[in-house]
Amino acid sequence: MTGLTEETPIYGPFFGVMGSTAAMVFSALGAAYGTAKSGTGIAAMSVMRPELIMKSIIPVVMAGIIAIYGLVVAVLIANNIKSPSDGYQLYT
């Protein structure tokens, strides 16, 4: 176990993986919540103003983009995770 010091503890990659997981999970939850709120808006819009239903789909698409951003961030974080012996520091 050469190369392990206080700056490069053995549990460092665990926090990197948890950061990647948090990015994916919280963005997916936010996208699901946004889609649900937009869906109720579309249902109300279809009753009151049926001619504007296609315009009310835009918030659903925007909520889905949030999940894609979370996936991109999770992949970027996961690609930078290395072994502690390779110098993966805790703050990384």
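This briefing covers the helices, the side-chain pairs and the UniProt annotations of one chain.

The model is predicted. Helix α1 covers residues 12-48, and helix α2 covers residues 58-79. The buried residues of α1 pack against α2. The structure also holds two aromatic pairs, and a search of the whole structure finds one salt bridge.

**Helix α1**

- Helix α1 has 37 residues. At 1.5 Å a residue, α1 should span 54 Å. Its end C-alpha atoms are 54 Å apart, so the expected span and the model agree.
- Several residues of α1 are buried: G12, P13, G16, S20, A23, S27, A31, G34 and S38.
- The partner of these buried residues is α2, against which they pack.

**Helix α2**

- Helix α2 has 22 residues. The expected span at 1.5 Å a residue is 32 Å, and the end C-alpha atoms of α2 are 32 Å apart, which agrees.
- A63, A67, G70 and A74 are the buried residues of α2. Seen down the axis of α2, these buried residues fall within an arc of 55°, so they line one face of the helix.
- The cover over the buried residues of α2 includes α1.
- The other side of α2 carries exposed residues: I58, Y69, L76 and N79.

**Aromatic pairs**

- Two aromatic pairs are present in the structure. In one of them, the ring centres of Y11 and F15 are 5.9 Å apart. Their planes meet at 80°, over the 60 degrees that edge-to-face requires, so this pair is edge-to-face.
- F14 and F15 also form an edge-to-face pair, with 5.4 Å from centre to centre and 75° between the planes.
- Ring pairs thus join Y11, F14 and F15 into a cluster.
- Y11 has 46% relative accessibility, and F15 has 47%. Buried means under 20% and exposed means over 50%, so Y11 counts as partly exposed, and so does F15.
- Y11 sits in the segment before α1. Its C-alpha atom is 10.0 Å from that of Y88, although Y11 and Y88 are 77 residues apart along the chain.

**Salt bridge**

- The search of the whole structure finds one salt bridge. The side chains of R49 and E51 form this bridge, at 3.0 Å from N to O.
- Side chains of opposite charge can pair when their charged atoms come close.
- R49 counts as partly exposed, because its relative accessibility is 43%. E51 counts as exposed, because its relative accessibility is 56%.

**UniProt annotations set against the model**

- An unreviewed UniProt entry lists residues 12-36 and 57-78 under "transmembrane region".
- In the model, residues 12-36 are 100% helix and 0% strand. The end C-alpha atoms of this stretch are 36 Å apart.
- Residues 57-78 are 95% helix and 0% strand, with end C-alpha atoms 33 Å apart.
- The unreviewed entry in UniProt also places the feature "domain: V-ATPase proteolipid subunit C-like" at residues 18-77.
- Over residues 18-77 the chain is 85% helix and 0% strand. The end C-alpha atoms of this stretch are 10 Å apart.

Terms used. Residues numbered from 1 in each chain as written. Predicted model: local features only at pLDDT ≥ 70, side-chain atom pairs only at ≥ 80, totals over all residues. Heavy atoms only, no water. Salt bridge = Lys/Arg side-chain N within 4 Å of Asp/Glu carboxyl O. Buried < 20%, exposed > 50% of the residue type's maximum accessible area, 1.4 Å probe, protein only. Phe/Tyr/Trp six-rings, centres within 6.5 Å; stacked < 30°, edge-to-face > 60°. UniProt positions renumbered as here; feature names shortened; annotations may be inferred. Helix = DSSP H or I, 4+ residues; strand = E, 2+ residues; numbered from the N terminus. Expected span 1.5 Å × (residues − 1). Contact = heavy atoms within 4.5 Å. Arc of directions from axis to C-beta.
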